[in-house]
Protein chains: 2
Amino acid sequence: MLDERSKKVLCAVIQNYISHPDPVGSRTVAKKYSFNLSAATIRNIMADLEEMGFLTHPHTSAGRVPTDRGYRFYVDSLSARGDCSNKEVIRGLFKKLDALRENLDMLFSETTKTISLLSHYLGVAMSPDPSVTTLKRIELFSHRADQVAAIIFTDEGLIKNKIIDMDLNVTQKDLNRISGYLNSEFSGYTFDEIRQRILKEMSREKLLCDRLISKAIDICREAFFSSYGDLFIAGLSEVLELPDFSDLQKIRELSRAVEDKHTIVKLLDKLSESDGVQIIIGSENSMNEMKKLSLVVSACKEDDKPIGVIGIIGPTRMDYFKAISIVDMTAKFISRMLVEK
Amino acid sequence: MLDERSKKVLCAVIQNYISHPDPVGSRTVAKKYSFNLSAATIRNIMADLEEMGFLTHPHTSAGRVPTDRGYRFYVDSLSARGDCSNKEVIRGLFKKLDALRENLDMLFSETTKTISLLSHYLGVAMSPDPSVTTLKRIELFSHRADQVAAIIFTDEGLIKNKIIDMDLNVTQKDLNRISGYLNSEFSGYTFDEIRQRILKEMSREKLLCDRLISKAIDICREAFFSSYGDLFIAGLSEVLELPDFSDLQKIRELSRAVEDKHTIVKLLDKLSESDGVQIIIGSENSMNEMKKLSLVVSACKEDDKPIGVIGIIGPTRMDYFKAISIVDMTAKFISRMLVEK
DNA sequence: TATTAGCACTTAACCATTGAGAGTGCTAAA
DNA sequence: TTTAGCACTCTCAATGGTTAAGTGCTAATA
């Protein structure tokens with residue numbers, strides 16, 4: 001449906017627009033990219049591309065600007081991925097290696113900063129959705145009066161604290177028995193599975209007679225009921241330098257999108273299962289707040305277990321090639337690093 | 001040095017400017033505030049106030065605008081504090097009561113959101129500087145190969161995880177002995193004191209012979225060496241609605257200030273010792289990034305122990321009265337809540 | 001002597017006009 | 001099928017004139 005020549009013109013328009021935020025005209029394309037065609041011909045082609053929905057007009061006498069569909073075509077044709085051996089990236093990431101040892105949260109938060117510095121867009125990262133992490137061990141301590149502290153270790157190397165309110169006093173001895181029971185019963189299961197099993201257990205009335213075990217189940221319900229991973233975003237000041245966010249209205253939209261972490265979390269959550277770099281352009285996204293932004297993300301995996309999502313948020317007019325290669329490299333780097341450890 | 005009338009004019013100018021972001025002229029003051037004086041007289045007074053450094057001129061034919069010194073005078077004369085019984089505030093805060101039970105981090109993060117919603121400025125909160133928190137108990141677990149997880153409970157109710165790299169394998173049994181030793185030795189001391197004691201212990205060569213204890217000291221060094229508290233900031237989209245941040249340059253400055261958490265942490269840290277609401281206006285602040293912003297903060301204390309700092313960051317043209325009362329109430333509310341618990 | 005009215009002056013903000021420049025669409029010729 | 005040419009459209013920046021707000025100063029006033 002698109003002949004070779006049209007494709008080239010489309011890509012030329014997009015590339016030019018990405019590097020230079022003004023609508024691009026037929027003359028520019030004819031001159032800068034060595035088609036042996038006159039401006040008039042290019043003009044005709046561009047008119048066709050517009051009719052097909054790949055380009056638009058801000059107004060009659062302005063050049064062409066890509067639509068989301070245009071970007072999509074461009075991105076899909078960008079097959080050469082990830083191997084832009086950007087030394088800068090590698091060095092930057094190596095420096096962050098230390099942070100990893102500390103804890104995953106630290107790693108993710110540093111990663112977002114690095115990504116944003118490298119890409120000049122927003123860096124995002126989300127630690128794994130707890131529902132798919134696997135319980136390794138749980139330890140319980142009486143904390144303050146009426147409160148129990150649960151320390152949860154996962155196979156992924158995460159440590160989570162939960163403070164649980166209790167309606168009656170429980171001794172440390174009781175807690176030890178409870179944690180013993182929980183570990184023997186639930187260790188090796190994901191939080192999701194544990195939740196489901198708890199629901200089943202609860203229906204067995206026999207167990208409810210054992211006060212301690214019903215207590216244990218209460219604790220579990222609290223401890224494993226945590227919906228989403230943590231979200232990290234960095235680089236707002238970086239992105240405000242872009243001409244795309246030169247007017248107040250757009251900045252407000254952006255800041256709302258960034259502050260409404262819930263939206264982004266839901267979005268990233270959907271993508272955390274898939275492999276490789278994924279791209280969502282503008283309105284392809286179902287979230288209203290993000291309609292004018294694009295996402296380039298990749299899941300990080302340790303062997304086959306998802307251990308988080310990292311990515312870039314930027315304007316639809318984004319340097320997708322650069323973004324893809326940064327995200328790809330970073331995700332692979334983190335995955336590799338975690339396997340080695 | 002300032003007669004009663006001048007004071008009143010100054011306050012009138014500032015109040016008007018706070019509620020309405022345009023330079024205020026002599027006519028406005030004469031009309032809106034019932035001085036029985038003509039505009040001309042007000043004009044003379046304003047000229048005097050300008051000479052004394054309380055007001056400025058954006059340009060010759062514009063009205064007056066307060067200087068930082070002017071704001072300072074105004075704020076100092078605002079003695080009626082905190083008792084603006086704002087029902088809204090109270091209700092909003094009560095809702096957050098649940099979050100407290102979870103953990104302090106959650107509480108602080110929610111508090112910033114509430115504060116920003118109520119004030120329409122940035123809400124900030126910093127959890128306590130670890131160096132002044134008191135160790136209640138430490139538990140050690142072998143985590144992954146070569147890694148030990150330290151769970152630190154403080155008297156303040158905080159729980160901290162630290163993952164510590166070990167150069168040699170230690171069994172769980174060893175870890176239990178180590179934690180037993182640490183608890184008997186350091187429980188009840190602040191992190192600062194612990195650090196100092198460790199330095200002393202290390203010089204006693206006798207102990208170094210006991211491999212386990214030297215190991216323990218290694219662990220401590222890692223575990224208690226954490227410089228600052230966590231900083232939470234919320235409400236950027238709120239603050240972008242203000243006319244004070246209507247141009248790009250100012251927004252960039254603001255976003256840089258917000259992203260450079262280190263600067264704010266240092267600033268808040270200085271204020272975490274003092275009692276009551278403290279106010280820093282524009283250039284009174286030593287940090288360059290914050291020269292055009294004001295801070296209204298208060299330390300939260302449990303009995304006499306500092307458990308964090310909360311506050312508001314906004315433009316120098318801030319509704320200080322409202323800000324002060326919100327900060328004061330919130331800080332007192334949190335302090336009270338934590339004592340009761 | 002303190003206050004006020006009046007007036008000249010300054011400046012920003014708004015508005016309409018203008019011309020240049022960029023780019024298009026269309027037509028007719030190659 | 002491609003291209004040259006041309007009329008047309010639209011933005012943008014500069015220009016200039018007008019208005020409104022506000023000042024500072026001076027002279028009159030209570």
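Two residues count as in contact here if their C-beta atoms, placed from the backbone, lie within 7 Å. Keep that in mind for the views below, which all come from a predicted model.

**View 1. Two copies, one shared surface.** Let's start where chain A and chain B meet. In this view, 23 residues of chain B are in contact with 23 residues of chain A. On the chain B side, the elements that give two or more residues are helix H5 (87–102), strand E5 (147–154), strand E6 (159–165), helix H11 (236–239) and helix H12 (248–259). The biggest giver is H12(B), with six residues. Sort the chain B side that touches chain A by class and you get nine nonpolar, seven polar and seven charged residues. Now for the neat part: 100% of the interface residues of chain B are interface residues in chain A as well, so the copies meet through the same surface.

**View 2. Turning one copy onto the other.** To lay chain B over chain A, rotate by 180 degrees and shift by 0.1 Å along the axis; the RMSD is then 0.2 Å. The two copies are thus related as by a two-fold rotation axis. Which residue of chain B comes closest to that rotation axis? Look for B:Leu248, whose C-alpha is at 3.6 Å.

**View 3. Inside chain A.** Here is one chain by itself. Chain A has 14 helices and 10 strands. Of its 341 residues, 38% count as buried. Take the contacts in chain A with a separation of 6 or more: 61% of them link residues 24 or more positions apart.

**View 4. A three-stranded sheet with a helix on it.** Zoom in on an open sheet of chain A, where three strands line up in the order E4-E5-E6 with antiparallel pairing. Strand E4 (135–142) and strand E6 (159–165) of chain A are at the edges with a single partner strand each, so one side of each has no neighbour in the sheet. From one strand to the next, the twist averages 20 degrees. Strand E5 (residues 147–154) of chain A runs antiparallel to E6(A), and seven bridges join the two. One spot to find is A:Phe153, which stands opposite A:Ile159 in E6(A). Packed on the sheet is helix H7 (residues 172–186) of chain A, which touches E4 and E5 of chain A. The direction of H7 makes about 170 degrees with that of E4(A).

**View 5. Around DNA strand C.** Both protein chains show up in this view. Of the 20 residues around DNA strand C, the nearest are A:Gly25, A:Ser26, A:Ser61, B:Thr41 and B:Ser61. Helix H2 (26–32) and helix H3 (39–51) of chain A, plus helix H3 (39–51) of chain B, each supply at least two residues of the surface near this strand. H3(A) gives the most, with four residues. What classes do the residues near DNA strand C fall into? Six are nonpolar, 11 are polar and three are charged.

**View 6. Around DNA strand D.** Next up is the other DNA strand. DNA strand D is surrounded by 20 residues, and A:Thr41, A:Thr60, A:Ser61, B:Gly25 and B:Ser26 are the closest. At least two residues of the surface near DNA strand D come from each of H3 of chain A, helix H2 (26–32) of chain B and H3 of chain B. This time H3(B) gives the most, with four residues. By class, the surface near DNA strand D has six nonpolar, 11 polar and three charged residues.

Conventions: Residues are numbered from 1 along each chain as its sequence is written. Chains are lettered from A and ligands numbered from 1 in the order in which they are written. This is a predicted model: local features need pLDDT of at least 70, side-chain atom pairs count only at pLDDT 80 or more; totals for chains, interfaces and linings use all residues. A residue is buried if 20 or more other C-beta atoms lie within 10 Å of its own, exposed if 12 or fewer, and partly exposed in between; C-beta atoms are placed from the backbone. Two strands pair if DSSP finds at least two bridges between them. Axes are lines fitted to C-alpha atoms, for helices over the stretch in contact, and angles run from 0 to 180 degrees between N-to-C directions. Copies are superposed by least squares on the C-alpha atoms of residues with pLDDT of at least 70 in both. Ala, Val, Leu, Ile, Met, Phe, Trp, Tyr, Cys and Pro count as nonpolar, Asp, Glu, Lys and Arg as charged, and the others, Gly among them, as polar. A residue is near a molecule or strand if its C-beta atom, placed from the backbone, lies within 6 Å of it.
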